[in-house]
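Reader: I would like a close look at one part of this chain. Please take the strands and describe how they are paired and how their residues are placed.

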Amino acid sequence: MTGWLPVLTLLTSLLPALIIFRLPEDRRALRSAVNIVGALSKLGLVTLMLAGVAAGETYEARLALAPGLDLLLRVDGLGLLFLTLSAFLWLLTTVYAIAYLGNGPNQSRFFGFFSLCVAATTGVALSGTLITFFIFYELLTLSTWPLVAHKGDDESISAGRKYLAYTLAGSAMLLIGMVWLESIAGPVEFAVHGQLIGLDPTTLQIIFFILIAGLGVKAALVPLYGWLPAAMVAPAPVSALFHAVAVVKAGAFGIVRIVYDVYGFGLVEALGVGIPLALLASATIVWGSLRALFQTDIKKRLAYSTVSQVSYIVLGTALAGPTSTVGGLVHLVHQGLMKITLFFCAGALAERMNVTRVDQLDGTGRAMPLTMFAFSVAAFGMIGLPPIAGFITKWHLGLGGLEAGHAWVIAVLAASSLLNAAYFLPLVYRAWFRPANTSQEQLTSEGHYALIGPAVVTGASALLVGLFAGLAYSPLGWAQMIVAREYLP
Amino acid sequence: MAEAALAIVLPLAAGLVAVPAGRRAPLLLWPVIPVSLFLAWRVAKGVPSTHALGGWDAPLGILLRADGLAAAFVALSAIVASAVGLFAVRYLATPRETRKSFAFWPLFFCLWAALNAVFLSRDLFNLYVALELLSLAAIAMVALDGRTATIAAAIRYMLFALLGSLAFLTGAALLYGAHETLDMVLLRDSLSPQPATWAAAALMSAGLFAKAAIFPFHAWLPPAHSGAPAPASALLSALVVKASFYILFRLWFDVFTPLATVETVTMLGLLGTLAVLYGGAMAIRQKRLKMVIAYSTVAQLGYLFLVFPLAGGGGDAQPWAASAWSGGVFHGLAHGLAKAAMFLAAGAMMMSGGGDRIDEMAGLGKSVPVASFAFALAAVSLLGLPPSGGFLAKYLMLTASFAGGQWWWGAVLVAGGLLSAVYLFRPMNQLMRNRPGDAPPLAKVHWSLEAAPLALAVAAVLLGLASMAPYRLIQAGNPLSAEVGLP
């Protein structure tokens, strides 16, 4: 049974995708039901595995592709952290997407690829070998392209083209790095540490940066982030999923895997590749925030904010100390919760009040109080106000930086927090303290609960995981367990 | 193993019956398809095996030898031909096309028989005969349409094919003069690098280059493959060119191994590189869908030539890195499935009323969703993206290139993949678009026209996932040079 759990988890998104592709356009209720059943059963399976892994169990399913080349699904602490996030947010995003798209065209195609994209993310989280990771990582690229180009107009098609140009070039780099590494080290399995010890250090350094360049496209590291703002033309649920769960996160997650499970703490330090990566991440953090400051479109501002925030994960990973690692890993979840809240709200604002630009936000707090409340919580979290999730991250990152002897990390965090405040506070201020535009039409209600509810749930979660960070099953507790169990010498 | 002989005789008999059967010829598919698939399965189970027709052993009699490679290609032709046959029943049954169907079916079955004969023969003269039958059937298929342009394309094809046959036959005669046998196994044991052998190798290779449309002999392929009716294009691009390549593969890995010096294999690799780059660049410039797919074949055949310099490189460093040979075979199989799927999908799209021009394709994603999905899946395999047979092929070849310290061939593979992304996502972008209001409306097509390409595309993907069984199969009785390398 234990080998079947990861396979079943993958199927909970893959089967709905296949079913939904075949459903006629007008079977709206059935389509929604298939989606929700898939998402709920996935959440159930994930809960089962969480309990198992906490008790020290591992789950594995293996399929040989060619001699020595294995497709391996393996559940470990790190994978499960990412998987739990994606399972939880998939359910909410599905509910939101059903409400958001209403009776729009091409929904079977949309939800089919949507589920496929979640299946790919699940595969990324469960991958136990480098080749398995690559397979699902590419499946993610392919299944998200139709979502970017979904609307089918010129703008969407050209955004899709840009997205592919970046991601396929990235995957070519990743493929080269992976094959080069495996041609000298043999097939790389994440659970087997120390495979690379004793190989030529210069080659390993070059391969490390080829791999990072490949993964850096999806993780939106400077200067490879150009596709991300362009992809904003996609429908709001897609943006939410891209930024919080699927694409950007998969890139960051891949970098975490490369640093910890392919190279390992010790080797990264010995090769001296951690600090250049940390500097690159810091540059991305500051640059993303600076660019966000100058965006007048709300979604674009959020997009650049993602560029900045995801690099916190990379920064914590690259510093490769125990505390900074905890900060990086926990931000995988924290950023997801906060950013998806912001995107849910931005989508609801656009859908209900046609608000897409920053200067249109005046007085929206009165018209859509729940939405703007969730928005404000998430924005405060991003800035790093205690006790919201973002604070926990920044605290651990800063502490980890000091611990590793890199006090400049504090300066980066301070600069970034200031910039975060500078681009988020005006939005919050406008929403609550400015009088409403006279031209705005009056809303009779805030919107369907399926449109507003998910944002409220994720916003509350961002607050709760910060408040109760000390519990063993909080994201922080889980991240600490991973580090204590797997990465401490 | 009489199954090997039956795999040739059955479609040949069907081809003969199809002539008098006329309009009812498609009924022949119902017995031929299941039996052929069964025979292919039996041949694959029994590898490696030898069957002497009439009980006469070589060098007097005709020997059929089924090793893993042969069995894999017999299975490929059975799968592709079955799907193409089922597609063609409806494709040719529309009032506009019935005239063609009388000529199509005899050619279809003969082509199938000739393919299996090529895959199972190990005698140069028999190979020549099978290759001639194959070329003639293929040329006639190109001309099926009857338009001036396609007749011209067919005549051009014939010119290349006949010159190729002539060169092949001359080479075979030279070998016979020098070594007094035409059996490939006997030749392998007695071969000595003398001038006559070199001349024979050069002539036979050049002849097969012309038939396989290897750069710079590719000029006939795009008009011929894009001008033929969709089911014929699928067979031509997926199987017919592959047959010539298959012989080339056999010759160099089995017979001419002592001649495969570093210079020779590097030259073959360079030809392949040019094909990959030129084919890709030309595909990007095409305005018509079928021309894009045809030029993609030129490029994809180029990958196969990289196998020669890659084969065996670094075999001692990593036991699993001696994988260029397997990668090449996987590439041949995956390309066969994916390319057939793509041509059939293009056929379904044209039936729907989309036309052949890429800029008129908008909206097809909605009118023929399954065929569009099949097109996309096939593209995934052609791009060498996971999870697909094309990916596994590319991975094995890339590994061989890095493990052997020949990263530049790997760079060609990666560059070729990016080029194909550029030309394949052009039509795929159109599939995502909404149909403009002033464009002529699109029709739904019969489900079999969409199911056939989907089945082939899914098979191409599965080849990369359930890959262990085919991997084991092709290793059965493979030549020593596949393991230790060429130079």
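Author: The model is a predicted one. Begin with the surface of the whole chain: the accessible surface of chain A comes to about 15800 Å², and 67% of that area belongs to carbon and sulfur atoms. Of the 489 residues in chain A, 66% count as buried.

Chain A has 20 helices and 2 strands. Its radius of gyration is 21 Å, close to the 23 Å from the globule rule for 489 residues, so chain A is as compact as a globular protein of that length.

Now the strands themselves. S1 of chain A covers residues 59–66, and S2 covers residues 69–75. The two run antiparallel and are joined by 7 bridges. Across this pairing, Arg62(A) stands opposite Leu72(A) in S2(A). The hairpin formed by S1(A) and S2(A) has 2 residues between the strands, and Gly68(A) takes a positive phi near 85 degrees there.

S2 of chain A is mostly covered, with 7 of its 7 residues buried. In a regular strand the side chains alternate between the two faces of the sheet. In S2(A), Leu69(A), Leu71(A), Leu73(A) and Val75(A) point one way, while Asp70(A), Leu72(A) and Arg74(A) point the other way. The residues on both sides are buried, and these include Asp70(A) and Arg74(A).

Back to the chain as a whole, for contacts and charges. Among contacts in chain A between residues at least 6 apart in sequence, 79% join residues at least 24 apart. Chain A has 26 positive and 23 negative charges, and the mean positions of the two sets are 8 Å apart.

Definitions and conventions:
Residues numbered from 1 in each chain as written. Chains lettered and ligands numbered in written order. Predicted model: local features only at pLDDT ≥ 70, side-chain atom pairs only at ≥ 80, totals over all residues. Heavy atoms only, no water. Helix = DSSP H or I, 4+ residues; strand = E, 2+ residues; numbered from the N terminus. Rg over C-alpha atoms; globule rule 2.2 N^0.38 Å. Buried < 20%, exposed > 50% of the residue type's maximum accessible area, 1.4 Å probe, protein only. Contact = heavy atoms within 4.5 Å. Areas by Shrake-Rupley, 256 points an atom, 1.4 Å probe, with all protein chains shown as cover. Lys, Arg positive; Asp, Glu negative; His and termini not counted. Charge placed at Lys NZ, Arg CZ, Asp CG, Glu CD. Pairing = 2+ DSSP bridges.
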